[in-house]
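Dear colleague,

Please find below the structure that I am handing over to you. An account of what was found in it follows directly after.

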Amino acid sequence: MNLANRPNLKQALAAEACGTALLVAAVIGSGIMAERLAGGNVAIALLANTIATGAALVALISAFASVSGAHFNPIVTCAEAALGRMAWKRVAPYVVVQIAAAIAGALIAHVMFEMPLISWSHHERSGIAIGFSEVVATFGLLTVVFHAARANSNAVPSVAAGWIMAAYWFTASTSFANPAVTIARAMSDSFTGIRPVDVAPFIIAQIVGGALAVVFFRWTANASIAPTHR
């Protein structure tokens, strides 16, 4: 995700916009399709949503990593800057584009499934356990991605997708781990939605998880495995 020697800012922002919009369209669109086809079986709907989201992540990160770093996530962007891997002056443009593109992705999904462009969600996602789940989900996402990138950057698409797919199932929040996606999902009264009132606590939890991941990565990044002596 290091942006050194990569395309200019306009090209990077275009890639972030395209990738984020398509990611959100995949998340919300697959949720709508899954809910319609699952016949009320929430587990089947979540499984379908999980597979589609993971597949989209692999494709989009692979496609845009060399152009923008394929962040698609304000927490990732801020963490990259905090680690000195991108200039702080790029953070605000990235975050604005990510949020705007995420909203566009929600609108795209709604058009595809003949829903109102904006339908505020009534899906409650509140409570200490769910907030803590978002801390865990975001911390885990950044931790596995940053360490994977350090070892083998080609592994990042599958590592990121693998974490999100797993965390869909083992976290109580179903692992949003992304403020831009959280905001967009509040605008969709569908399977993947979140009540607008629950958005701020989710984002706060995501920021905490991201900050912890940065601290942890700084501490462990220079670690090496000592040889074993028998």
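**Salt bridges, a cavity and a surface patch**

Arg-195 and Asp-198 form a salt bridge in which the closest N and O atoms are 2.9 Å apart. Please keep in mind from the outset that this is a predicted model.

Arg-195 deserves some further description. This residue is found in the loop between helix 7 and helix 8. Its relative accessibility is 24%, and Arg-195 therefore counts as partly exposed, since that class lies between the limits of 20% for buried and 50% for exposed. Its partner Asp-198, by contrast, has a relative accessible area of 4% and is therefore buried, the limit being under 20%.

Arg-195 also meets the side chain of Glu-124 in a salt bridge, with an N to O distance of 4.0 Å. This pair links distant parts of the chain: Glu-124 belongs to the loop between helix 4 (91-112) and helix 5 (128-151), Arg-195 to the loop between helix 7 (179-185) and helix 8 (199-220), and the two are 71 residues apart. Glu-124, Arg-195 and Asp-198 are thus linked in a network of salt bridges. Another residue to inspect in this context is Arg-125: its C-alpha atom lies 7.0 Å from that of Arg-195, although the two residues are 70 apart in sequence.

How many salt bridges does a search of the whole structure find? The search finds 3. Besides the two that involve Arg-195, there is one between Arg-85 and Glu-80, whose closest N and O atoms are 2.9 Å apart. Both Arg-85 and Glu-80 are buried.

I turn next to the interior. The structure holds 1 cavity of 30 Å³ or more, and the space in the largest cavity amounts to about 250 Å³. It is lined by 22 residues, of which Leu-23, Leu-57, Leu-141, Ile-164 and Asn-178 are the closest to its centre. Helix 1 (9-37), helix 2, helix 5, helix 6 and helix 7 are the elements that each give two or more residues to this lining. Which classes of residue make up the lining of the largest cavity? There are 16 nonpolar, 5 polar and 1 charged residues.

On the surface, a nonpolar patch is formed by Ile-44, Leu-47, Ile-51 and Trp-169, which together have about 390 Å² of accessible area. Helix 2 (residues 42-68) gives the most to this patch, with 3 residues. Trp-169 has its place in helix 6 (residues 156-170). With a relative accessible area of 44%, Trp-169 is partly exposed, because this value falls between 20% and 50%. It can belong to the patch because patch residues must have over 30% relative accessible area.

One further residue may be viewed together with the patch. Phe-176 is found in the loop between helix 6 and helix 7. Is Phe-176 buried or exposed? Its relative accessible area is 4%, and Phe-176 is therefore buried, again by the limit of under 20%. The C-alpha atoms of Phe-176 and Leu-47, a member of the patch, are separated by 15 Å, while the residues are 129 apart along the chain.

With kind regards

Terms used: Residues are numbered from 1 along each chain as its sequence is written. This is a predicted model: local features need pLDDT of at least 70, side-chain atom pairs count only at pLDDT 80 or more; totals for chains, interfaces and linings use all residues. Side-chain values use heavy atoms; hydrogens and water are left out. Patches are made of residues with over 30% relative accessible area and no salt bridge: like charges are joined within 9 Å, nonpolar side chains (Val, Leu, Ile, Met, Phe, Trp, Tyr) within 5 Å. Accessible areas come from the Shrake-Rupley method with a 1.4 Å probe; for residues, only the protein chains shown count as cover. Helices (H or I, at least four residues) and strands (E, at least two) are DSSP runs, numbered from the N terminus. Buried means under 20% relative accessible area, exposed over 50%, partly exposed in between (1.4 Å probe, protein chains only). On a 1 Å grid over the protein atoms alone, a cavity is a set of points where a 1.4 Å probe fits but cannot get out, and a pocket is an open set with protein on both sides within 12 Å along at least five of seven lines; lining residues have an atom within 4 Å of a point. Grid points are joined across faces, edges and corners, and a volume is the space filled by probe spheres set on the points. Ala, Val, Leu, Ile, Met, Phe, Trp, Tyr, Cys and Pro count as nonpolar, Asp, Glu, Lys and Arg as charged, and the others, Gly among them, as polar.
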